[in-house]
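The exercises below are to be worked with the sequence and the model open side by side. Each has a task sentence and a solution in steps.

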Amino acid sequence: MSKSLVIAEKPSVAADLARVLGKIPKKDDYFENDEYIVTSAVGHLVELCLPGEMDKKRGKWSFANLPIIPDHFELKPIEKTQTRFNLLKRLLKRADITDVINACDAGREGELIFHYLIQLAGTKKPTRRLWLQSMTPEAIKEGFAGLRNGQEMIPLAEAAVCRSESDWLVGINGTRAMTAFNSKGGGFQLTPVGRVQTPTLAILAEREEKVRAFKPRPFFEVYGDFGVAAGSYRGRWFSEGFKKNGDEDARAERIWDRAAAEAIVAKCDSKPGIVVEEKKPTSQIAPQLYDLTTLQREANSRFGLSAKRTLQIAQALYERHKVLTYPRTDSRYLPEDNIGNVKAAFTKLEAPDLAGHARKALSEGWVRQNKRIFNNTKVTDHHAIIPTGVSTKSLDDFELKVYDMVARRFVAAFYPAAQFEVTTRITRVEGEAFKTDGKIITDPGWMAVYGKQAASGDEQNVCAITSGETVLTEALEIKENETKPPPRFTEATLLSAMEGAGKLVDDEELREAMSQRGLGTPATRAQIIEGLILDGYLIRQARDLIVTSKGLSLITLLRGLGVQALTSPEMTGEWEHKLKRMERGEMPRPQFMEEIRTFTNDIVEKAKNFQGDTVDGNFEPLDDKCPKCGHAGFVESFKAFECGAKCGAIIWKNMAGRQFERDEVRKLLQDGVVGPLEGFRSKMGRPFAAVVKLDAECKQSFDFGDSQDSARQIDFSVLPSIGTCPVCKSGTIHDTGTAWQCSNTGGCKFRMGKSLCQREIPQEQVLKLLEAGKTDLISRFISKKGRPFSAYLKLDNGKVGFEFEERKPAAKKTARSRSAAADTPRAA
């Protein structure tokens with residue numbers, strides 16, 4: 001009997017499909033009946049081989065081996081999921097399987113997961129595509145009733161493969177080229193770059209440079225309180241003939257000279273004035289439905305959720321709870337035949353106030369065809385994110401917050417525009433103009449769906465005046481302020497910039513047009529941001545994203561080498577536009593890949609042929625005193641800070657693969673020591689933490705605090721203690737920052753690093769070691785070969801060692817190649 005093999009992307013989805021297809025019984029890791037076998041991948045099961053796996057000669061990181069541009073990309077199973085790949089390969093080869101249904105997530109990445117799996121498994125069986133908008137039983141049944149032919153999906157598969165191979169080419173070659181350049185002076189300074197990640201970093205770096213170079217300017221504003229019969233109101237002075245004249249900081253209300261502000265006060269004090277007032281109605285149309293990027297942006301602004309966390313929540317609301325439609329969408333529209341589903345979903349909303357607003361929209365006839373909501377030409381692979389009508393009773397707090405955002409937007413989109421009355425009042429005293437603005441809601445329209453959230457903006461209902469009334473200047477005030485640097489990006493504003501290929505776009509229609517050439521896709525932007533943080537190019541500080549010295553150095557290097565194209569959001573946005581065209585069958589795959597190969601070769605050649613081992617940049621000197629000669633001032637270059645008096649004192653920016661932040665260099669110069677600092681890497685590639693110190697000749701070195709001289713220099717009286725030393729019984733154990741160490745430095749050598757084998761030891765386990773001589777079983781240590789292991793820590797003759805739990809002999813495994821994490825291509 002012939003059967004169809006259904007391959008979902010995740011086990012939970014496979015279970016849902018099996019349940020809807022007739023409660024198919026489970027057998028091992030799949031479900032099977034007379035018609036279907038339903039199973040799943042666990043995300044990506046197959047990846048592109050690394051250079052050394054395709055050709056051993058290409059394994060070494062050097063300019064001599066670059067560029068690496070293979071004619072054919074080889075695939076391999078991902079080691080940690082090889083068992084699952086083997087299962088699917090066996091199922092694909094079963095004689096009773098006559099066709100395969102791709103039920104992976106309906107998008108470019110889901111297509112890639114399935115395409116690579118089928119390719120490496122070597123099957124030629126016909127395929128069909130399940131394309132779901134939601135995970136409700138009705139939607140699943142509808143999807144299986146309308147399966148797409150595998151041939152229809154070829155353009156999407158080609159775009160997916162092009163995305164993967166282009167990320168490999170740019171990521172592998174770019175990372176190796178920049179690493180080789182930065183490592184010219186010795187050592188190994190890993191410098192990851194990526195096709196999308198690096199232009200995103202360039203957006204952030206440009207803003208960071210403006211923030212760091214910003215010099216505040218004081219300015220003054222004059223405020224007046226004016227009395228009329230009905231009360232008093234406040235106005236702010238402004239220049240009626242204002243022009244910027246090229247000054248970015250200039251504003252009509254800013255006065256750069258205090259004397260000028262004081263002259264205005266003296267001129268207008270206690271004088272009568274005349275007032276002119278204009279009232280005009282304005283309206284604000286309801287915001288459009290959510291796509292993923294807009295949802296991520298607003299969730300960050302409202303709740304501080306990262307883009308990654310919002311995507312996780314939205315995916316769970318779609319996949320596990322089935323209360324939202326597919327979230328990884330770039331469309332803010334619905335299909336024109338979806339109006340029936342919308343009305344049905346309106347009747348199933350559970351929040352009492354929201355259900356009331358939904359009933360009103362239905363009763364007023366507002367739920368009808370509207371091109372801002374229903375537009376087939378604006379629906380891509382997936383429509384906007386909307387509720388499905390499934391109950392929300394099982395949601396946790398954050399899931400409920402994100403769901404409520406989507407549900408309120410869903411209802412509000414159908415409401416009429418909000419109506420306002422805007423008042424602009426100009427008061428003139430002795431020829432000087434003061435402006436007063438007021439705004440009141442006359443009809444809340446869609447804002448009623450948001451209640452007080454929308455109505456509590458910057459409304460000001462100014463007191464009334466009568467026509468021809470004279471006003472009296474009751475008081476005048478000068479307020480001093482200073483210009484502020486441009487704000488750093490948050491994830492909300494960065495997502496906007498990525499969507500607009502580096503341009504912050506507020507207009508909804510313009511943003512929609514720009515999004516076709518954005519950086520990354522809604523599904524990958526969160527991953528791009530997380531990748532920049534993982535690579536040490538960014539840090540999160542509250543909601544701000546701050547570029548590190550390492551991140552600024554990469555952008556400086558690329559500019560200096562003349563590889564500006566790799567930092568260009570516009571070019572990367574054009575590539576994304578071409579991939580979307582390829583999905584629609586409008587651009588041939590060979591043409592796109594030829595452009596990428598040419599671009600990759602250009603990156604490598606410019607890095608190879610650059611003369612010297614440093615580049616020019618916008619470097620800022622330090623005014624700190626040289627510890628060697630006393631001269632005040634260090635000159636910055638690409639790789640170091642050098643004493644301005646040329647005494648030979650040099651502070652290298654990079655030690656053991658870690659770049660110092662500017663503040664860390666200053667502390668090192670001022671105190672002669674900084675740390676302990678995390679993020680250094682040994683010659684074997686293992687991370688470690690250490691204190692960095694300067695000697696009398698201003699040479700940098702590590703201080704691990706393990707020598708007796710170093711120990712004697714530690715002031716234990718100011719360090720926290722956790723108990724008595726179990727070795728000498730007379731000293732106390734203190735936290736020195738990098739280690740737990742005995743204060744009895746003259747007679748005891750007990751010292752235990754806070755991290756062992758890349759695993760930080762929790763303080764409660766250190767206490768158990770001191771008191772009982774042995775910890776609990778601790779997991780996630782990393783061996784010299786890079787393998788995780790678990791062990792007890794045991795105190796034996798004053799030294800800390802490992803003790804392993806007894807294990808049954810493991811079954812023999814075949815040898816598998818391991819890929820180096822440093823060589824992973826950066827899409828981001």
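Two strands pair if DSSP finds at least two bridges between them. Helices (H or I, at least four residues) and strands (E, at least two) are DSSP runs, numbered from the N terminus. The model is predicted: local features need pLDDT of at least 70 and side-chain atom pairs count only at pLDDT 80 or more, while totals for chains, interfaces and linings use all residues. Residues are numbered from 1 along each chain as its sequence is written, and side-chain values use heavy atoms, with hydrogens and water left out.

**Exercise 1. Confidence**

State the mean pLDDT of the chain and find two stretches where pLDDT stays under 50.

Step 1. pLDDT is the predictor's confidence in each residue, from 0 to 100. The chain has a mean of 87, with 93% of its residues at 70 or more.

Step 2. Residues 454–459 stay under 50, and the model gives them 4 contacts (heavy atoms within 4.5 Å) beyond four places in sequence. Residues 810–821 also stay under 50, with 13 contacts beyond four places in sequence.

Step 3. Where pLDDT is low, the predicted coordinates should not be read in detail.

**Exercise 2. The barrel**

Trace the order in which 6 strands close into a barrel, then place helix 8 against them.

Step 1. The barrel has the strand order 10-11-14-13-12-15, with antiparallel pairing. On average, neighbouring strands of this sheet are turned by 35 degrees against each other, direction ignored. Axes here are lines fitted to C-alpha atoms, for helices over the stretch in contact, and angles run from 0 to 180 degrees between N-to-C directions.

Step 2. Strand 10 (residues 218–228) and strand 15 (residues 470–482) are antiparallel and joined by 10 bridges. Gly227 has Leu472 of strand 15 as its bridge partner.

Step 3. Helix 8 (residues 258–268) lies across strands 10, 11, 13, 14 and 15. The helix runs at about 170 degrees to strand 15.

**Exercise 3. An open sheet and its helix**

Which strands are the edge strands of the sheet with the order 24-25-26, and which helix packs on this sheet?

Step 1. The sheet is open, has 3 strands and pairs in the antiparallel sense. Strand 24 (673–681) and strand 26 (700–703) are the edges, since each pairs on one side only. Neighbouring strands are turned by 45 degrees against each other on average, direction ignored.

Step 2. Helix 21 (residues 662–671) packs on the sheet and touches strand 24, strand 25 and strand 26. The direction of helix 21 makes about 140 degrees with that of strand 24.

Step 3. Strand 25 (residues 687–694) pairs with strand 26 over 4 bridges. Leu694 is partnered by Gln700, and Lys693 by Ser701. In a regular strand the side chains alternate between the two faces of the sheet.

Step 4. The hairpin of strand 25 and strand 26 leaves 5 residues between them, and Cys698 in the turn has a positive phi of about 65 degrees.

**Exercise 4. Further hairpins**

For the hairpin of strand 16 and strand 17, and for the hairpins that strand 20 forms with strand 19 and strand 21, give the number of residues between the strands.

Step 1. Strand 16 (residues 538–541) and strand 17 (residues 544–547) are antiparallel, with 4 bridges. Arg540 pairs with Leu545. There are 2 residues between the strands, and Ala542 takes a positive phi near 55 degrees.

Step 2. Strand 19 (residues 632–636) and strand 20 (residues 640–643) are joined by 3 bridges, among them the one from Val635 to Glu642. Their hairpin has 3 residues between the strands.

Step 3. Strand 20 is also joined by 3 bridges to strand 21 (residues 650–652), again antiparallel. Ala640 stands opposite Trp652. This hairpin has 6 residues between the strands, and Lys646 in the turn has a positive phi of about 60 degrees.

**Exercise 5. Backbone details in loops**

Describe the peptide bond from Leu66 to Pro67 and the phi of Ala656.

Step 1. The bond from Leu66 to Pro67 is cis, with omega near 0 degrees. Pro67 is in the loop between helix 2 (51–54) and strand 6 (75–77).

Step 2. Ala656 is not a glycine, yet has a positive phi of about 50 degrees. This residue, Ala656, lies in the loop between strand 22 (654–655) and strand 23 (658–659).
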